Amino acid sequence: MHARVAVTATAIAFFGIGIAILPTPHAGAAGSDRLVVVAHRGASGYAPENTLAAIDRAAAMGFGWVENDVQRTKDGRLVVIHDATLDRTTDVKKLFPHRAPWRVKDFTAKEIARLDAGSWYGRRYAGVRVPTLQQYMERLSHNHQSLILEIKNPELYPGIERQTLALLDKDGWLDPGHLRNRLIVQSFSAASVRTVHGLRPEIRTAYLGTPPVSELQAYSRFADQINGEYTKLSSGYVSAVHSLKGPHDKPMRVFAWTVNGADEAERVDGFGVDGVITNVPDVVRRAVTAS
């Protein structure tokens, strides 16, 4: 999703580069009746976003669901990074000063692997790398975590939907167990979500945005969820989504993003949303548990 909200990291980071943590059972399955709390780009309030450190941090905090962003390198490798450019979250300007505007699609996977994707967040994360999607999925499997995978900027990467699904399939993420309660694919592009549904109808999909109520019926043909910015949601809108059945003949669901305050978490929980995507999952968990 857009615009990371700055949060002061107060948790102690007890893992370092290359240090594995013990597998943690995934909590709050998206197929359950409880509110699902999803760590946005990993626990990005406490570790550099979209890195293995961020998903390890989420696992250590007891959160089984994470969200990420997938894009493609110049040589066709899938990597996990939010922005279309590399300069905000890496030291690309230092290593490649003459390669502006430093777009992901203009760098090879080998070049991106050289970048420091952690120092911008804090010295303790110096040397953390931009993971490939392959590395990311392997770590999720090790941690027993579940994933909301966002196909980012699909207009820049023709065929990225098919390529992403092929990798997920190869890694065992399209088997019945994963499809039932461990994977959701989303995008801001309705065309991309529609493509994913067309290629693998059994995958649960989500559209990022809040289409007018009058258009929700059309979205229900290819999207199981409407994942909306929390400021644009209301009880009435959530009810309208819930009144429709998605492509798997189950009521459509709503996840709210990016919710980082206790008051906001309580409010969207009151709207009846099914999940909350947040940089600080512990804050949201405490808020909705207490409300």
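**Core, sheet and helix packing in a predicted model**

The largest nonpolar core holds 73 residues, and M137, L147 and V273 touch the most other members of this core. A nonpolar core here is a set of buried Ala, Val, Leu, Ile, Met, Phe, Trp, Tyr and Cys residues joined through side-chain atoms within 4.5 Å. Buried means under 20% relative accessible area and exposed means over 50%, with partly exposed in between (1.4 Å probe, protein chains only). A second, separate core has ten residues, among them V38, I184, A206 and I277.

The model is a predicted one, in which local features need pLDDT of at least 70 and side-chain atom pairs count only at pLDDT 80 or more, while totals for chains, interfaces and linings use all residues. Residues are numbered from 1 along each chain as its sequence is written, and side-chain values use heavy atoms, with hydrogens and water left out.

For a first overview, the chain contains eleven helices and nine strands. Helices (H or I, at least four residues) and strands (E, at least two) are DSSP runs, numbered from the N terminus. Of the 291 residues in the chain, 56% are buried. Contact means heavy atoms within 4.5 Å; among contacts between residues at least 6 apart in sequence, 65% join residues at least 24 apart. The chain exposes about 12100 Å², of which carbon and sulfur atoms supply 53%, as given by the Shrake-Rupley method with a 1.4 Å probe, where for residues only the protein chains shown count as cover.

Strand β4 (residues 146-151) is a good place to look next. Six of its six residues are buried: S146, I148 and E150 point one way from β4, and L147, L149 and I151 the other way. Strands pair if DSSP finds at least two bridges between them. β4 runs parallel to strand β2 (residues 65-72), to which six bridges join it, and W65 stands opposite S146. β4 also runs parallel to strand β5 (residues 183-187), with four bridges, and here E150 stands opposite Q186. Leaving aside neighbours within four places in sequence, the contacts of L147 include W65, V66, Y136, M137, W173 and I184.

Just before this strand, Q145 lies in the loop between α4 (133-143) and β4. Q145 is buried, with a relative accessible area of 0%. A polar atom of the Q145 side chain lies 3.0 Å from the backbone oxygen of I55. Another loop, between β3 (78-80) and α2 (92-95), holds T89. T89 is buried as well, with a relative accessible area of 7%. Not counting residues up to four places away in sequence, T89 touches E49, I81, D116, A117 and W120.

Helix α10 (residues 262-271) has A265, V268 and F271 as its buried residues. Seen down the axis of α10, these buried residues fall within an arc of 115 degrees, so they line one face of the helix; the arc is that of the directions from the helix axis to the C-beta atoms. In an α-helix there are 3.6 residues a turn, so residues three or four places apart point the same way. The buried residues of α10 pack against α9 (235-242), β8 (253-257), β9 (275-278) and α11 (281-290). On the other side of α10, D263 and G270 are exposed. After α10 comes G272, whose phi is positive, near 95 degrees.

Key. A polar contact is a pair of N or O atoms within 3.5 Å; within protein, one must be able to donate a hydrogen and the other to accept it, and residues adjacent in sequence count only if both atoms are side-chain atoms.
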